[in-house]
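Here is a quick tour of the structure, going from a sheet to the way its parts meet. Have the viewer open while you read.

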There are 2 protein chains.
Amino acid sequence: MPDLIPARVGMRLEEVDTPALLIDLDLLEKNLERMVEDVKDRRVRLRPHAKTHKCAVIALKQIAQGAVGVCCQKVSEAEAMVYGGVRDVFISNEVVGRPKIERLGALARHAKVAVCADDPIHVAEYSRAAQFYDADLDVLIELNVGANRCGLPPGDALVKLADLIVASQRLRFAGLHAYHGAAQHLRTWTARQKAIAAAVGRTMEAVELLQQQGIACETITGAGTGTYPLEADSGIFNEIQPGSYVFMDADYAKNLDENGRPLQAFKQSLFVYTTVMSRPTADRAVVDAGLKAVAVDSGMPLIPALDDVDYRVGGDEHGQLILHDPGRDLKIGDKLRMVPGHCDPTVNLYDWYVGIRKNHVESIWPIAARGAIL
Amino acid sequence: MPDLIPARVGMRLEEVDTPALLIDLDLLEKNLERMVEDVKDRRVRLRPHAKTHKCAVIALKQIAQGAVGVCCQKVSEAEAMVYGGVRDVFISNEVVGRPKIERLGALARHAKVAVCADDPIHVAEYSRAAQFYDADLDVLIELNVGANRCGLPPGDALVKLADLIVASQRLRFAGLHAYHGAAQHLRTWTARQKAIAAAVGRTMEAVELLQQQGIACETITGAGTGTYPLEADSGIFNEIQPGSYVFMDADYAKNLDENGRPLQAFKQSLFVYTTVMSRPTADRAVVDAGLKAVAVDSGMPLIPALDDVDYRVGGDEHGQLILHDPGRDLKIGDKLRMVPGHCDPTVNLYDWYVGIRKNHVESIWPIAARGAIL
């Protein structure tokens, strides 16, 4: 069930209840603009991934600035976007099972919907649902470009699958989904460059195989926040899917640029706001954000204002702050901004964004697709 | 926002949409009964922790079988329990900040409410709110018995805090909260025994210090699923707070008994139900449950039916299954039960329990306090 709303518009930041998920609106807007700038001179369309923000309000802002639509990972996420006003969604994932396939077909009556396949089973089911709902579905084949998750390698099976899509009623073969998830968090520019060069090679190979059969790839889509300049400049990708750039996180902050320095393009705009609830010893404080308020799968959250303080998991509802300076003035009731280790699963723990500008609450946005896992 | 309901009562298990959180109702009921049996011959009250299940339906079952009430970690969790029918809640945690303190005081008009303190600031705020709402609050002092999270050690500060509670309007000093969280997952019985022996020693010390000042501890409460027989037999604890025993998880399954064998008292009754969505290679399958569907902070989920298959994180929405037997027959669309690594934060990812008996859906229960972090 949705939790209580932790703030009201007009409140001062210090009055916001905790744990709360804050957006620094100035920085969010800078990140959105920066990506538009970055894409402008490149021959690629921008289709940001909505799995990061799960919020139709932010998706519509991205689209108003020129994005062609959004990506989603789940049908229920796509429903939240479409019924929140988005007209063009790409489910960058395979959809399996009767209830989801029904909803996928039905959704295609209300918006332009594309979806991935890597097996003839997917295609047969998509075609059945599209016919039943008298709707059209775009289908992209997922290509394994190195992440070794879903997806086919370039080869006969891929060509056969494209043939099948072309021959299937109410389906349109729309191209290739060639996302290299594992490359996004490689720390050095060189490592990411190498991984994406290999991904581009495999993608070209697949495109050529299909061309030999007279099948054109309208869309070649992929890339994330960590690698998108590489795919965008590859000459073969014509669509990119970055998601995390809107918010960033402590894990992405570890990525280095060509000169070995932290990437500066996007600013941290998302914060978990937390309160000191206990101050039992000089070297320890306890805050009210634990495993249920901040994701730790990619590392601990950081506290930018207190660089001599480390966060450690203190359980499901507690965070331990280790104070390396015991003279540090930190009292019960003090509130702190933390940078989550991983933005996407942290967002999924909250029902509301509290948008902050000039230290006041300006917006309360529902995280409409929070928990949308079906 | 709550996600779609993944099932209907009467469905066969195989029809349930995924990812879904399944309860094996027979096993849940066995676990509930086993704890009642275990407590019956001991001089302790049972106050299960509702942070595990977050569901008033289960809380009321526990109370119907003799539990005196439930524990919660957050005011919003307590609200979900009280407004779901629970008459007696103990917030086994400090509550800080105006919005929460107001709700705490207001809630005490609708049920018997107890809360923790480890600092005079907590006490002053609790008393103010209790007076404002013309309500009574029980306050327990949190004792640090070895977990080194919140809580005071036995000593002068503790005695002074008890004095302050006794002297505060509309507050009643109700005793000590002496929970040793860090001891619950110590693997050997000897290690847990040693930790709880130390915790019992500290608790006795605190009780005696208070007695010397003429302050009696009505309630000495603590213990979790990993250690509760030790606290229950200590002669000093008169209330226990186990939570995870209702469901269990892969982490608790690693605890050993006195003979070095896995604990058998409680059965795994909670499962994440997931579907194979891609089968790209002979040694790999991909399922639709990733970081947003199963908590991995305490280790990977297990798949009891496939003991030669390992789960690895495949991202926010994907799980990778590594098949050590490439001949393993596992097809797209096949559904599997997984045992979560850690039950509490996994529950917090879902809005609905799907209760299964004899392979059919018997109940859909709302996880009313899912996401209740305020």
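## The sheet in chain B

Let's start with an open sheet of 8 strands in chain B, where the pairing is parallel and the order runs E2-E9-E8-E7-E6-E5-E4-E3. Strand E2 (45-46) and strand E3 (70-72) of chain B sit at the edges, so to speak, each pairing on one side only. Keep in mind that this is a predicted model.

For a closer look at one pairing, take strand E8 (residues 219-222) and strand E9 (residues 239-240) of chain B: they run parallel and are joined by 2 bridges. One residue to click on is B:Thr221, whose bridge partner in E9(B) is B:Glu239.

## Two domains in chain A

Over in chain A, the domain assignment splits things into domain 1 (13-20 + 264-366) and domain 2 (25-247). Domain 1 is thus written as two segments. The C-alpha centres of the two domains of chain A are 33 Å apart.

Where they meet, 16 residues of domain 1 of chain A are in contact with 17 residues of domain 2 of chain A. On the domain 1 side, helix H9 (343-347), strand E15 (352-357) and strand E16 (360-366) of chain A each give two or more residues. E15(A) has the largest share of that side, at 4 residues. Sorted by class, the domain 1 side comes out as 8 nonpolar, 4 polar and 4 charged residues.

## Where the chains meet

Now for the contact between chains: 59 residues of chain B touch 59 residues of chain A. Which elements of chain B each supply at least two residues to its side? They are strand E4 (88-94), helix H4 (98-107), strand E10 (270-281) and helix H9 (343-347). E10(B) gives the most, with 5 residues.

As for the chemistry of the chain B side, its residues divide into 24 nonpolar, 17 polar and 18 charged.

## How the copies are related

What rotation superposes chain B on chain A? A turn of 180° does it, with 0.0 Å of shift along the axis and an RMSD of 0.0 Å. The two copies are therefore related as by a two-fold rotation axis.

The contact residues tell a matching story: 100% of those in chain B recur in chain A, and the same surface serves both copies.

Conventions: Residues numbered from 1 in each chain as written. Chains lettered and ligands numbered in written order. Predicted model: local features only at pLDDT ≥ 70, side-chain atom pairs only at ≥ 80, totals over all residues. Contact = placed C-beta atoms within 7 Å. Nonpolar A, V, L, I, M, F, W, Y, C, P; charged D, E, K, R; others polar. Domains from an automatic or database assignment. Least-squares fit on C-alpha atoms with pLDDT ≥ 70 in both. Pairing = 2+ DSSP bridges.
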